[in-house]
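Trainee: Could we go through how the terms for a ligand site are justified?
Mentor: Sure, have a look.

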Amino acid sequence: MSIMAEPRTLTHWISGAAYAGAGKRYGDVYDPATGRVGALVPLAEREDVERAVDAASRAFPEWSRTSLGKRSEVFFAFRELLKAHADEFSHIISAEHGKPVSDAGGEIARGLEIVELACSLPLMLKGEFSEQVSRNVDVYSMHQPLGVCAGITPFNFPAMVPLWMFPVALACGNTFVLKPSERDPSASLLLAQLLREAGLPDGVFNVLHGDKAAVDALLDHPGVAAVSFVGSTPIAKYVYGRAAAAGKRVQALGGAKNHLVAMPDADLDAVADALTSAALGSTGQRCMAISVALAVGDMGDRLVPALRERMSRLKVGPGSDSGSEVGPLVSKDAKARVESLIGQGVREGAQLVLDGRGVSVPGHADGFFVGPTLFDRVGAEMEIYRQEIFGPVLVVMRVNSLDEALDIVERNPYGNGCSIFTTDGAAARRFERHASAGMVGINVPIPVPVGSYSFGGWKASLFGDQHIYGPEGFRFYTRSKVVTSRWHEVDRVGVNLRFPGGHS
Ligand code: NAD
């Protein structure tokens, strides 16, 4: 008889220490590969939210006064600690999210780019100066922190998405309350511990676990100045509306349906490899996953067999097994939803080329597995095209021309990322200029911008006007001030009621 370990009970992290929480509610954190509960996460009540915001508010005056050099020293130290703990993060993430350990390592690799950006905060926070705009008058600008910022993050990147937010927010002199996904909350606690070890003062970064109750209390709290949200579109829209109505600055990134246009001149193997990786990496649970292939002209006839061949070879298994390529979905509900959408695709007349339902993983009968699934001849009216499936399902649509493909991308309500594979420079240029999405790839399937640019979509993939991290992140987390100053030994200008301006 095997003895099953009792689930661990997690805590919040407030003022530099673990905090059990005042609430009585807990959420189950599953190991998606076994279907068993591995931990219990406390779900914050209003009282806990008060405590976290209060800690961040009290830490703000001192942190915002801290010199830029001292602030950046914390990020240099944090960078080393993140690198040293990268393996530990990968295992923690894989155990709660389900993705293979090797894939989870990518979260820290990409998150490090934003920490490195934060190291260069003295450069990013520079203002402008104009000397002598009028006689003895100079004008200059400065970027000041907002106060307490909140981050609300999704399950699919439990370390990387928080790392898109808090390094920039803290670099600007703000303090932060992170509300991570309650489905894989442990990575956020290790981030908090490492920040403390790196020298971040207590209260500057806090982790508050919870569900809708915690989110609503943060959105309404008068002590929170700004909210960054990443998650599904309906919740992004809700968060944007509620936080903006409470007078806060908001950026709310939503869901996606990302297209890849395969031109007839593209290299078949390169397209098939790219599509398989971009559709099935992380079991399709990436906001930048490619879930739609738009095969132009005769490309479809060659592409579908090449995809089928690659996708059917992939090994489905637990993330902890080094041979696994496709891990489980995050939850039982997610598995049921994806399987039901596959059934609907069949009923609506799409051609099911590869069916991942009922995949069997030896020793993991209760895991949340769905295997690679490929549909051909999908129409824009079908639910498998209309909905963000967020699973290992790739749909192929046949189109006659690049213009037809661009039109489909334009009419899709989402606009996160899209990509083209071609050897024709003119087609690539036409695509980059006309594709209606915030991030475009040319012979690159997942065009996630590097840390020195900003990440964000268009249409229903982003509510708000600033993208996340990069230069737009620095703008989001600061408010600018312009100073007009006159200094002169004897400078009596006399009374003058005219509006200041003109050249004097
Ligand atoms: P989700 O919207 O269910 O949850 C996101 C966050 O919102 C979580 O912290 C959750 O606790 C909270 N939340 C959930 N329901 C809520 C409610 N009713 N009221 C208030 N808060 C609520 O998203 P998810 O399932 O965790 O993540 C997957 C989604 O995130 C996908 O749609 C994916 O495309 C999207 N995503 C987008 C990006 C991007 O950059 N645009 C990046 C990653 C993920």
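Trainee: What makes you say the ligand sits in the largest pocket?
Mentor: The test is that more than half of its atoms lie within 2 Å of the pocket's grid points. A pocket is an open set of points on a 1 Å grid over the protein atoms alone, where a 1.4 Å probe fits, with protein on both sides within 12 Å along at least five of seven lines; lining residues have an atom within 4 Å of a point. The ligand is placed in the largest pocket, so that test is met.

Mentor: This is a predicted model, where local features need pLDDT of at least 70, side-chain atom pairs need 80 or more, and totals for chains, interfaces and linings use all residues. Numbering runs from 1 along each chain as its sequence is written, and side-chain values use heavy atoms, leaving out hydrogens and water.

Trainee: Why is the Lys-179 pair called a polar contact?
Mentor: The cut-off for a pair of N or O atoms is 3.5 Å. A polar side-chain atom of Lys-179 lies 2.8 Å from a ligand oxygen, so the pair qualifies. Gly-254 uses a backbone N or O atom, 2.7 Å from a ligand nitrogen.

Trainee: Why does the ligand lie between domain 1 and domain 2?
Mentor: Because both domain 1 (8–254 + 461–482) and domain 2 (258–442) give residues to its shell; the bounds come from an automatic or database assignment.

Technical notes. Polar contact = N/O pair within 3.5 Å; in protein donor to acceptor, adjacent residues only side chain to side chain.
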